[in-house]
Amino acid sequence: MPKRTDLSSVLVIGSGPIVIGQAAEFDYSGTQAIRVLKEEGIRVVLVNSNPATIMTDPEMADATYVEPITADVVEKIIAEERPDALLPTLGGQTALNTAIQLDERGVLEQYGVELIGANIAAIELGEDREEFKGVVERCGAESARSVIVNTMDEALEAAHELGYPMVVRPSFTMGGLGSGMAYDEADLHRIAGAGLQYSPTSEVLLEESILGWKEYEFEMMRDSADNVIALCSIENFDPVGVHTGDAITVAPAVTLTDREYQKMRDISIKIIREVGVATGGCNIQFAVNPADGRIIVIEMNPRVSRSSALASKATGYPIAKIATKLSLGYTLDEISNDVTGTTTAAFEPALDYVAVKVPRFAFEKFPAADATLTTTMKAVGEVMSIGRNFAEALQKALRSLEQDNDAELDFTVPDAAEVAELLESSKTATTSRLGQVQRALLGGATPEQIFATTQIDPWFIDQLMLINEVATEIRAAKELTQDLLRYAKRHGFSDRQIGELRHMDEAVVRGVRHALGVRPVYKSVDTAAGEHIAQAPYHYSSYDGQESEVAEHQRRTVVILGSGPNRIGQGVEFDYSCVHATMAMQQAGYDTVLVNCNPETVSTDSDMSDRLYFEPLTLEDVLEIIHAEEQTGPVEGVFVQLGGQTPLKLAQDLADAGVTILGTSPEAIDLAEHRGLFAQVLQQADLAAPKNGTAVSFEDAKTIADEIGYPVLVRPSYVLGGRGMEIVYGEEQLSDYITNATAEITAEHPVLVDRFLDDAIEIDVDALYDGHELFMGGIMEHIEEAGIHSGDSACVLPPTTLAPDVLARVREATEAIAKGVGVRGLINIQFALTADILYVIEANPRASRTVPFVSKATGVALAKAAAKIGVGSTIAELRETGGLPATHDGWSLPLGAPIAVKEAVLPFTRFRTPEGRVVDSLLGPEMRSTGEVMGIDKYFDTAYAKSQDAVGGKLPTTGRVFISVANRDKRGIVAHAKRLTELGFELVSTGGTADVLARNGISTETVDKITSDADQPGETILDQLEDGRVDLVVNTPSGSEARGDGYEIRAAANSLGVPIVTTQAAFGTALQAIQAQRDYSWDVTSLQEHDRRLAAVIENQR
Amino acid sequence: MSTSAKLVLADGTIYAGTTYAATGSVLGQLVFDTSMTGYQHSLTNPSNAATIMVFTFPHIGNVGVNTSDAESEHYWPSGVVVRDPARVRSNWQAEQGLDEVLTEAEVVGIAGVDTRALTRHIAMMGQVTAGIFSGEAAAQSDAELIAKVRDWTPPTASSLVETVSTSTTYVVKAENPQATVALIDLGVRQATINQLVERGNTVQVMPAATTAADIAVAGVDGVVLSSGPGNPAELSDHIDLVKDLLNAKTPILGIGLGHQLIGLALGFETYLLPQAQRGPNQPVYDVASGQSAITSQNHAYALQAELGTQIAPMADYGEATVTQYSLNDNSVEALELTDLPVVTVQYYPENSALEVDEPHTVFDRFATLMATGE
């Protein structure tokens, strides 16, 4: 069936901010979708609140709405744009839920918008657990025995039938939010209670435990001619009980007989037809009882999902791209397989390698959180690795995680006592379990013991034993021979690991290896296991033989190093910069090579660059890739400044190895990163930094702190995302900090002590420098005061409360630093303004987290310009050729330019303490947000309101507000509180805050503090929150009561989804936004329209 | 690390590896299999007799072997090439380890080979003769080994078919028989017999040397010509047998080699595919339904015919229609005759998406032909 001709415009809904369970993979799928639609000549309208995405680039869609993804807002966009169709299957659960709401409200019908790629009945059949059970039954397959409940009483009754342990899952939530395993009645109360609240339909499913069974996933695709194909099977290393997003997984499945595989494939085909997925992808999860092969269907997602991104990268089959084409009416046999060039999309990929995914966690950011892995997803990112066998792929994946090497296997042989401990602790699934199991085996535990404690499949256990055996051989060998090195490499051992096993330096191992001629070749992911001869530009390293499949190339090659796994502090924003650089370099006539190991990203779409290397971002792996590129053609150099800290820290070593670093030089990087050297740069420019010192002991730290005065900001010397950073208010706290420091404090790893600038306004800038002139990308004014990590703070661009002379000083300082450091490309600087003195906090000579936000807010592609500067263009040339605006920059934005607000999205509800309570939601100097949204409008107040709506914390316009603030904030809230009452809000307060308000003539209802005192049975704020009688919480923490009432209140508000304000500054802006929401109707404006308006304003000024 | 073995190709390429399964030396045609599961099915498929099988998926043997997954009673290839043989078997059904049964069956193996480079080599060259040499056999000079490989004479198709076929007729009864069929065993897979029996056919499995007279005596409702090894054009006795059956207007189902023999009897020619079709992911387009299906295939030869309907070269047999063709290379995948009760498929029809809940599977079509003659 050829393409439909009746669709001329399509609305695509994105997935919004990066949150746990819904991350960059939807940027990957959405970007593919948009490219396909454009190629087909269709006008594309996009809505996505996440500015850090490639899909929201103004040149991607025809009309890009960076607006909140809510049914209200999308309805306005539909009214404005009148699309023919809505494609809701590529934006995760967010897009699907929004589409369902639009359908329920009759919006789609009213505007004649056809849903393509999905139909509501199919979505409901797939996602409604009870309905889906019926589907499974009709397909002749089995589900776990289960009961649906809507109340706690029903849950308790069902428990009698099913017995403990049982799985608790709320309906219609993503990433398994609110799910858990109940081992007893107390667990059931806790998990089902929360689940009933999370589920938009107050519906929770209880089911028989299949804990410890083998878990599988099948990625399926169907077209309008009812052709169905199975694209990929994925097997979980971790048995059922760990959310598949938190599990180590392997593609393809490795412990199934063909009969079992075919049975699951058949069931999957029947299910996709029975559910009625119109066209496109879906995935189906299975559990298999290892004892008798009984197969149970767990669930399906009737849309492109996280695992479809993984499956696309694991197989080379572009699922989202094909799904989009199918939604336009094509059938699989009409779409060509771009990899082979000769065959069609109607086939099932054959793999001749193993792809292993390992999740990346961030428990170190949430010390109070329970690190047990459950059916609620907690991973913040993931890596994938490809190897010619499991051992190689697993070890490559572990070093790709880049977790201070903690993640890599440790081959220290444990004694019997430790083996017993390891076995005991491996009973609980945690992020350490892989290492525990592997070391227990190394210490003599039997595979049977491991299976008994973990239910990990014996084949995987044997693979870990194999890795241990290879390690033992490496350690015991007389010398490093060619055979031994090849053997080690074929099981994934890095030079560093081999060095550790032999007490040698990594560089020495590499020298020996090169001298013996043991170097990797690069194979291709070709979808066909070599059956069809193809020039697939998607490579992975292997120590098999001599045949390298990298194509000869004539054009000069630019290598762009990606940012590795998403983590808090380094996420999709850096992928954005890498992809932009690729585009710019291709446009400038270079061949581009991308290196990355994160399967969620756009950068690892092999369509994006001329060649993709899916490899770890370690020195060894990168050097080998550069070598392979040099063998096949000319190499211009390597970009390390776009992928965040990951490639930046390789700069010096790469340069030492003779690699040309494009853009800012390693020496310049050092000037900015090294504290002492940077102080000299500032001194020369006559700029101030907060007083500071470096301490190697508590005494040192105390002396410094006494000298500069409390509060002080303390942190380890090497930090990313504010890791381990704390504001210290006194000596006792300082002593605690030093005692509990995460790593030992040594001369090499000292603690930095800075004066903390209380009440300062923080300012962030992103700028370009070419050695001659500065281009100010944008100046961002933070909304929260200094002390809140810049990644977690809301900010506004252009600044709305900074005076022109301050902006001029910021510009001068930025130029002086860029010049002093010697930047060629992007630089990000953080300033703090207090008492009208501008302090320099830090400078990062690389693309920052805010580059995409600034680019979207100002309509200037900064990363592209940075890449061009890296290969020799000047800012003047870029201004002339349209790469940068001809007349203005982010400093000289005229009045009338749109105002953009960035707001952070925080994952607190995902993390529970061991007692099962939500962790505290306070902001601080350590970054905890997973993603961000942008609100953009003519004025600050509405832009801010949009940003709040987009993070799911839509501010109320009427109702009751609870206010309880720390002493230092009491004076600052009076006027705000008064205004709230004037607007008709009722106020609720406790204790001291209530007194302050009362003396200022503001009437509040006073409720009791939360206390366990039995003689105070009065109603507390918690009761009101739980009853849904509070619409907004304003609660700022005082230093000492972190574990007290404030925590309880914030935790409850977070669990219940009540908007919460935790700083005084944010209270003021929230109030502005509340007022704006009451006064103005909500306008939607596309980025393209904002650009046109800005151009008009600039034109008028001239 | 185990002792070394060599895989020697006729063009002089040598791949080093380690011994696996039986030790010794073996010569044969290299064929690759891109399945990621189902090595046991492939190794017990008689169509792979006397080959050296290369598995493109690195991990082979993970789930061991079991009785119910055997396609026949033997392990047919002379040699196997794998990258990472399993050290343990892990599956509730596993009865024995793969290396164990291959050693018993004297299949000479080699492990640790760069199977991807090898597969690309085969895909580029088409037919490749090779030898595996391990143990004492590996001690000879490379030149001697290459000479041995070059001297190898492939077995004839008739000797292959004779080797893999049953020596005596046996009967597999259906529970509620609707029909009785004669299945000429040219290298039949158990899956074919199971499908026929499940659909209510009592199956008389007959040796390859069966004649039309033998079939007439058996008094069956129809004849199945099974899949099997070798170049179909060499099997003139079988082509004659098909002609006799066609002349008698006997309902016939041809699968794989059987499909090719029917085509030859109709006067079409067969040819060696530039690229053999082996593996579980071969897309086939069904003209009538407009659907495509992913099929499992294992053949190097194909039938030469125009897509669409044509008068068979042996015009007495009337019109023949190519009902399905390959989406990879447009080669013929299924035939149906207008005037005679004959259906054929090139692929293995027992497990493919088109068959999952399609009522008109080739087996059902065959049942109709037997029942009604049209």
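## Two domains in chain B

In this predicted model, the domain assignment splits chain B into domain 1, covering 4-153, and domain 2, covering 160-372. Measure from centre to centre over C-alpha atoms and you get 29 Å between domain 1 of chain B and domain 2 of chain B.

## Where the domains of chain B touch

The two domains do meet: 17 residues of domain 1 of chain B are in contact with 19 residues of domain 2 of chain B. On the domain 1 side, strand β3 (residues 25-33) of chain B gives the most, with three residues. As for what that side of domain 1 of chain B is made of, its residues come out as eight nonpolar, seven polar and two charged.

## Helix α28 in chain A

Now over to chain A. Helix α28 (residues 804-821) of chain A has 18 residues, and from first C-alpha to last it reaches 26 Å, close to the 26 Å expected at 1.5 Å a residue. Right after α28(A) comes Gly822(A), with a positive phi of about 90°.

## Two sides of α28(A)

Which residues of α28(A) are buried? They are Leu807(A), Val810(A), Ala813(A), Thr814(A), Ile817(A), Ala818(A), Gly820(A) and Val821(A). Looking down the axis of α28(A), the buried residues fall within an arc of 165°, so they line one face of the helix. Flip to the other side of α28(A) and you'll find Pro804(A), Asp805(A) and Ala808(A) exposed.

So what covers those buried residues of α28(A)? The cover includes helices α24 (666-673) and α25 (675-684) of chain A, along with strands β28 (761-769), β29 (774-785), β31 (825-834) and β32 (837-844) of chain A.

Definitions and conventions:
Residues numbered from 1 in each chain as written. Chains lettered and ligands numbered in written order. Predicted model: local features only at pLDDT ≥ 70, side-chain atom pairs only at ≥ 80, totals over all residues. Helix = DSSP H or I, 4+ residues; strand = E, 2+ residues; numbered from the N terminus. Expected span 1.5 Å × (residues − 1). Buried ≥ 20, exposed ≤ 12 C-beta atoms within 10 Å, placed from the backbone. Arc of directions from axis to C-beta. Contact = placed C-beta atoms within 7 Å. Domains from an automatic or database assignment. Nonpolar A, V, L, I, M, F, W, Y, C, P; charged D, E, K, R; others polar.
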